[in-house]
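Here is a structure to explore by question and answer. Have a look at it first.

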Amino acid sequence: MPIKMYLSEDEVPRKWYNLGADLPTPMLPYLGPDGNPVTPEMMMPIFPMNLIEQEMTQEREVEIPQEVLEILYKWRPSPLHRAVALEKALGTPAKIFYKNESVSPAGSHKPNTAVAQAYYNKISGIEKLTTETGAGQWGSALSFACAQLGLECKVYMVRISFDQKPFRKVMMQTWGGQCIASPSPDTVTGRRMLEMDPDTPGSLGIAISEAVEEAVSDPTGKTKYALGSVLNHVMLHQTIIGLETKQQLKKFGISKPDVVIGCAGGGSNFAGLSFPFVRDKINGDDIEIIPVEPASCPTMTGGTFTYDIGDMSGMTPLMAMHTLGHDFIPPPIHAGGLRYHGMSPLVSQAVISGLLSPRAIHQLECYKAAMTFARTEGIIVAPETSHAVASTIQEALKAKEEGKEKVIVFSLSGHGLMDLKGYQAYMAGDLFDYALPPEQIQENLAKIKDFPPVPKR
Ligand SMILES: Cc1ncc(COP(=O)(O)O)c(C=O)c1O
């Protein structure tokens with residue numbers, strides 16, 4: 001059996017897949033501050049209409065524009081590898097595969113949607129995009145995509161990651177993007193946060209507020225905001241990952257996986273790999289599908305499914321999702337891209353429908369897994385991705401105990417070559433696990449108890 005499988009450019013899917021069309025329980029609408037459903041017009045100050053239509057579409061498939069495909073071909077199709085060396089080291093009968101999204105120019109899955117979003121903004125006459133970034137992967141992906149399509153780009157980077165990962169900023173600047181630490185003095189939200197706590201590590205919620213604020217306050221209307229995860233259209237653009245994987249597994253002679261795994265911050269790489277398999281599960285296939293989150297930011301395993309805003313100051317609509325409460329500031333773990341209080345509404349609804357089995361893992365176990373992976377397969381994965389690796393190792397060892405030859409597929413969402421400080425701290429013994437007391441979560445959730453409840457269905 002070969003150890004990696006490519007596709008030709010002709011075999012790259014021509015359509016994205018929308019899980020929303022197949023979920024057994026329909027998605028709940030986004031709500032405005034008055035509790036009424038948000039109309040497309042209300043989202044226009046933030047996003048162009050073509051992306052709003054994708055956000056709300058009920059179509060099962062959406063055509064990928066040729067111009068987007070031609071940029072994606074720079075690294076797509078991405079390879080599907082068989083992790084033979086890891087299997088051997090674990091002594092497992094399981095067959096482990098990983099879809100390698102680290103081969104993109106920015107080093108992660110994020111350019112899959114960055115290119116699409118930059119394209120749809122460009123054809124709507126938009127000249128500048130603002131965004132937030134956690135680990136810096138999304139900010140670099142959007143800077144890369146804006147360079148491809150000739151747009152300006154400004155990135156608010158969560159302060160803790162800004163300090164931990166200075167070279168991400170250089171990457172963004174190399175592609176022509178502007179990158180500043182959030183909270184920043186450039187926005188009302190940022191100034192307010194800095195006044196409250198000048199040493200705050202920041203959070204994705206604050207950075208989103210700042211980026212949206214800048215977009216909606218541009219009097220020319222030529223600036224819009226782009227989000228790297230959470231929203232339906234982002235999940236849609238990422239499904240190219242799973243659609244390619246299905247074809248590659250077939251070429252390996254495998255009709256279906258037993259276990260599909262991805263780390264989940266806002267949910268996009270997990271959704272991208274898994275949603276085509278969730279569809280198969282809805283249609284009767286027996287597949288365990290696992291989104292993995294940090295134990296210190298346990299949105300799905302410790303939070304609650306309710307209406308909450310996606311940012312700190314209510315710039316986004318209310319979304320029915322798993323949340324820890326929008327002003328939750330997660331502990332400063334190294335997986336910056338997983339430090340988000342909410343979860344994609346599509347992923348959340350799939351959890352509620354019993355289609356997914358979320359897990360939470362502490363960072364020390366994740367780094368240990370990442371070290372094993374680096375010394376067997378060779379790739380130094382991003383700290384976010386290490387959560388998927390740790391869960392994969394758990395599942396492979398379980399298969400060993402059970403003596404089962406399971407097929408496990410996981411999403412290698414990005415490399416960690418810009419994240420070596422985390423590895424350095426791990427090897428020096430300077431990293432700790434942060435257990436979050438349930439009372440703290442409850443305290444935080446109590447602050448959103450007056451938001452509209454999700455209807456019983
Ligand atoms: C490499 C990598 N993986 C995963 C994530 C988590 O995001 P998402 O859940 O949207 O895939 C990030 C976010 O920054 C990332 O950089």
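Short questions and answers follow. This is a predicted model: local features need pLDDT of at least 70, side-chain atom pairs count only at pLDDT 80 or more, and totals for chains, interfaces and linings use all residues. Residues are numbered from 1 along each chain as its sequence is written.

Reader: How many residues of strand β6 are buried?
Author: Helices (H or I, at least four residues) and strands (E, at least two) are DSSP runs, numbered from the N terminus. A residue is buried if 20 or more other C-beta atoms lie within 10 Å of its own, exposed if 12 or fewer, and partly exposed in between; C-beta atoms are placed from the backbone. Strand β6 covers residues 128-133 and is mostly covered. Of its six residues, the number buried is five.

Reader: Which residue in β7 stands opposite T130?
Author: Two strands pair if DSSP finds at least two bridges between them. Strands β6 and β7 (residues 152-158) run parallel and are joined by six bridges. Opposite T130 in β7 stands K154.

Reader: Which residue of β9 is the bridge partner of K128?
Author: β6 also pairs with strand β9 (residues 223-225). The sense is parallel, over three bridges. In β9, the partner of K128 is T223.

Reader: What is the handedness of the β-α-β unit made by β6, α5 and β7?
Author: A crossover is right-handed if, with the strands pointing away from the viewer, the path from the first strand over the helix to the second runs clockwise. Here helix α5 (residues 137-149) joins β6 and β7 in the unit. The unit is right-handed.

Reader: How far apart are the end C-alpha atoms of α5?
Author: The expected span of a helix is 1.5 Å times one less than its number of residues. α5 has 13 residues, so the expected span is 18 Å. The end C-alpha atoms agree with that, at 19 Å apart.

Reader: Is α5 largely enclosed or largely open, and which elements do its buried residues pack against?
Author: Twelve of the 13 residues of α5 are buried, so the helix is largely enclosed by the rest of the structure. Among the buried ones are W138, L142 and F144. Two residues are in contact if their C-beta atoms, placed from the backbone, lie within 7 Å. The buried residues pack against α2 (66-72), α4 (111-122), β6, β7, α7 (166-174) and β8 (178-182).

Reader: Which helix gives the largest share of the shell around the ligand?
Author: A residue is near a molecule or strand if its C-beta atom, placed from the backbone, lies within 6 Å of it. The ligand is surrounded by 21 residues, and the closest are Q137, S229, G265, G337 and G414. Both α5 and α12 (268-282) supply at least two residues of the shell. The largest share, three residues, comes from α12.

Reader: How many residues of the shell around the ligand are charged?
Author: Ala, Val, Leu, Ile, Met, Phe, Trp, Tyr, Cys and Pro count as nonpolar, Asp, Glu, Lys and Arg as charged, and the others, Gly among them, as polar. Seven residues of the shell are nonpolar and 13 are polar. The charged number is one.

Reader: What is omega for the peptide bond from S182 to P183?
Author: Most residues other than glycine have a negative phi, and most peptide bonds are trans. The bond joining R76 and P77 is cis, with omega about -5°. P183 is in the loop between β8 and α8 (188-196). The bond from S182 to P183 is also cis, with omega near 5°.

Reader: What is the phi of V230?
Author: V230 sits in the loop between β9 and α10 (232-238). This residue counts as buried because it has 26 C-beta neighbours inside 10 Å. V230 is not a glycine, yet its phi is positive, about 65°.

Reader: How far is S161 from A335 in space?
Author: S161 belongs to helix α6 (residues 159-164). With 30 C-beta neighbours inside 10 Å, S161 counts as buried. S161 and A335 are 174 residues apart in sequence. In space, C-alpha to C-alpha, they are apart by 9.2 Å.

Reader: Which are the edge strands of the open sheet of seven strands?
Author: The order is β1-β4-β5-β15-β10-β11-β14, with mixed pairing. An edge strand here pairs on one side only. The edge strands are β1 (4-5) and β14 (359-361).
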